[in-house]
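Here is a friendly walk through this model, meant to be read with the structure open beside you. Take the stops in any order you like once you have found your bearings.

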Amino acid sequence: MKDDQQSIPSYGLGRQMQVYMQGLQGQLPSLPVSPEVLEQQALAHLSQQAAGYLAGMDDTMQANLRAFQRWSILPRMLRDVSRRQLSTTILGMQLPIPLLLAPIGVQSIIHPEAELAVARAARATGVPMILSTAASRSIEAVAQELADTPRWFQLYWSKNPDLNASLVHRAEQAGYSAIVVTLDTRLLSWREQDIQNAYLPFLQGEGLANYFSDPVFRQALAQSPEKDPAMAIRYFIDIFLNPSLTWDQLAFLRQHTSLPIFLKGVLHPDDARQTIDAGMDGIIVSNHGGRQVGGSRAALDALPAVVEAAGGQVPVLFDSGIRRGSDVLKAIALGARAVLLGRPYIWGLALDGEAGVQQVLQNLLADLDLTLAVSGFSSISQLDASLLVNERPTA
Ligand SMILES: Cc1cc2nc3c(=O)[nH]c(=O)nc-3n(C[C@H](O)[C@H](O)[C@H](O)COP(=O)(O)O)c2cc1C
Ligand SMILES: CC(C)CC(=O)C(=O)O
C-alpha cells in the first residue's frame, strides 16, 4: 500500500455499516437521508419568512437540478475499487474530499447556533468551510470553532474600500487561507417569496456580525451599533449594494492580500478569461443557487465552456445544485476541481443544528465514495467526461 493511501478514511462503507448496525438496535437515522425529503421537512420546520428566504427563486433552482439529470453516469465493471482516493489539491491546498461548504449568510434565521454549529460540523468531518461576509457570527468566532479546519472567507465587496480591506485583513489574521469574491450579488434580485413576505433579514439586524464587529465600520458611525442599531443597519444598507463595481477594481484587492482570490458567480466563458486577465487565482462557476438571475442558464450547463476558457490556468470550482454523490462526480467529470455544497447542509442545520449538518455531510461523503466505487473508479483524479453520457430530452 502506498503511503498516500494509508490515511484514506472509509467514508462509504464505514458510514453505511454504522447506519445498519444502529438499525439492528432499533435506531434509524434521525434525519431523512433523501435530500428531497430533507428539504421538505426543513422548510416545513422554519418560519414562513425564513423558509421563503432559503428557498429563493424556484425556477432557476429547478433548472440547476434538471441539468444534472441530463447527464448519466456510464459505469465500468471489474476494476479494483477496494481502495479509494477522494482527496484533491487546490493551489497546493490539500482537501480530504473535493467538497467545501458554500458561503451562506444569515444562518441565525435558520438555527440559534448558526455558523458556530456549522463550523463544529465542518471540524468533525474535515470539510473546509467558506464563511460569508453576511454571517451571523464573526470571522474570529467561527475561526475559533474551526480550530485547524481549513477555511476561506467570502467577501461581499461593499462601497467602503477601507471596510473591504479590513475584512480581508481580519480573515488573514484569523487563518482563512483564500478569499472568495462573489460577483453575482451586487444588487439583490427580485425574489418573489421575500417580496410577498416583505422580508429581508438584514433589516432586522440579522447577518451583520462581521460589520458590527469591524473597526472601520464602527468608525463610520456616530454611535456604536449597540447604542443605535437602526443607524448601523441603515449604514449597512447604504454601502452593501455596489452595482458600480467593475473588473478594474479587483486590482485593489490584489494589493491588499497575498491570499489566493477566487471569483464566484462566473457563468460566461468571457468572464472566465477576464478573471485570469485580472490576475485572480480561481473561478467558482455558480448561479448563486438560482437566487439571482431569474431564467439564468443552469450552472452545470455553463461549466464545460468555463473550464475550456480557463484552459487549466486556474482551478475551476462549481456550485448550484449539488445534492447527491453522483452530482459531485458529474461536476468533477465536467472539469470542476471541487464543488461547494449549499442548501443541503442548511436543511440539516434547520432540523438538528450541528448534529444535523454533520449527518448531512457524512451521508453525502458516503454516497460520493460509494458512487465512485460502483461506477468503477478508485480515484477522483481519474474522472473525466468519458464517465458521462449527455441524455438529450426525448421529445
Ligand atoms: C440562504 C442562502 C444564503 C446565501 N448567502 C450567500 C452569501 O452570503 N454569499 C455567497 O457568496 N453566496 C451565498 N449563497 C449562495 C451559495 O453560496 C451557493 O452559491 C448556493 O447555495 C448554491 O446553490 P444550491 O444551494 O442550490 O446548491 C447563499 C445561498 C442561500 C441558499
Ligand atoms: C444577499 C446576501 C447577503 C445573502 C445571499 O447571498 C443570498 O441571500 O443569496
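## A starting point in helix α17

Let us begin with A355, which sits in helix α17. This is a predicted model, so everything below describes computed coordinates. A355 has 17 other C-beta atoms within 10 Å and is therefore partly exposed, because buried status calls for 20 or more such atoms and exposed status for 12 or fewer. What lies across from A355 in space, though distant in sequence? The partner is A117: the two residues are 238 apart in sequence, yet their C-alpha atoms are 8.2 Å apart.

## How α17 meets α16

Two packed helices are described by the angle between their axes and the distance between the axes. Helix α17 covers residues 343-374, and α16 packs with it at an angle of about 60°, the axes being 7 Å apart. That angle makes α16 oblique to α17. The crossing of α16 past α17 is right-handed.

On the α16 side, the contact is made by G325, S326, V328 and L329. They meet L364, D367, L368, L370, T371 and L372 of α17. Sorted by class, this contact holds six nonpolar, three polar and one charged residues.

## Helix α7 and its surroundings

Is helix α7, residues 139-146, largely enclosed or largely open? Six of its eight residues are buried, so α7 is largely enclosed by the rest of the structure. The buried residues are I139, A141, V142, A143, E145 and L146. If you look for what covers them, the list includes the helices α6 (114-125), α8 (161-173) and α10 (209-212), together with the strands β5 (129-131) and β6 (151-155). Just after α7 comes A147, which has a positive phi near 50°.

One of the covering elements, α6, is worth a second look. The angle at which α6 and α7 pack is about 30°, and their axes are 8 Å apart. That makes the two helices roughly parallel, because angles under 35 degrees count that way. Their crossing is right-handed. From α6, the residues E115, L116, A119, R120, A122 and R123 meet A141, V142, E145 and L146 of α7. This contact divides into six nonpolar, no polar and four charged residues.

## A third helix pair

Helix α5 (residues 58-69) packs with helix α15 (residues 299-310) at an angle of about 65°, and the axes of this pair are 7 Å apart. Which residues make the contact between α5 and α15? In α5 they are N64, A67 and F68, and in α15 they are A299, L300 and D301. By class, the contact has four nonpolar, one polar and one charged residues.

## Loops with positive phi

Most residues other than glycine have a negative phi. Against that background, L78 stands out with a positive phi near 50°. L78 belongs to the loop between β1 (71-73) and β2 (88-90). With 6 other C-beta atoms within 10 Å, L78 is exposed. D80 is found in the loop between β1 and β2 as well, and it counts as exposed with 7 C-beta neighbours inside 10 Å. How far is D80 from L91, eleven residues along the chain? Their C-alpha atoms are separated by 30 Å.

S320 also has a positive phi, near 105°. Its place is the loop between β10 (316-318) and α16 (325-333). Is S320 buried or exposed? It is buried, because it has 32 C-beta neighbours inside 10 Å.

## Around the two ligands

Ligand 1 has 23 residues around it, and G105, S132, G289, G342 and R343 come nearest. The shell around ligand 1 divides into eight nonpolar, eleven polar and four charged residues.

Ligand 2 is surrounded by G105, A134, T185, L188, H288 and R291. By class, the shell of ligand 2 has two nonpolar, three polar and one charged residues. G105 is worth marking in your viewer: it is listed among the nearest residues around ligand 1 and among the residues around ligand 2.

Terms used:
Residues are numbered from 1 along each chain as its sequence is written. Chains are lettered from A and ligands numbered from 1 in the order in which they are written. This is a predicted model: local features need pLDDT of at least 70, side-chain atom pairs count only at pLDDT 80 or more; totals for chains, interfaces and linings use all residues. A residue is near a molecule or strand if its C-beta atom, placed from the backbone, lies within 6 Å of it. Ala, Val, Leu, Ile, Met, Phe, Trp, Tyr, Cys and Pro count as nonpolar, Asp, Glu, Lys and Arg as charged, and the others, Gly among them, as polar. Helices (H or I, at least four residues) and strands (E, at least two) are DSSP runs, numbered from the N terminus. Two residues are in contact if their C-beta atoms, placed from the backbone, lie within 7 Å. Axes are lines fitted to C-alpha atoms, for helices over the stretch in contact, and angles run from 0 to 180 degrees between N-to-C directions. Angles under 35 degrees count as roughly parallel, over 145 as roughly antiparallel, 65 to 115 as roughly perpendicular and the rest as oblique. A crossing is left-handed if the near helix is turned anticlockwise from the far one by less than a right angle, and right-handed if clockwise.
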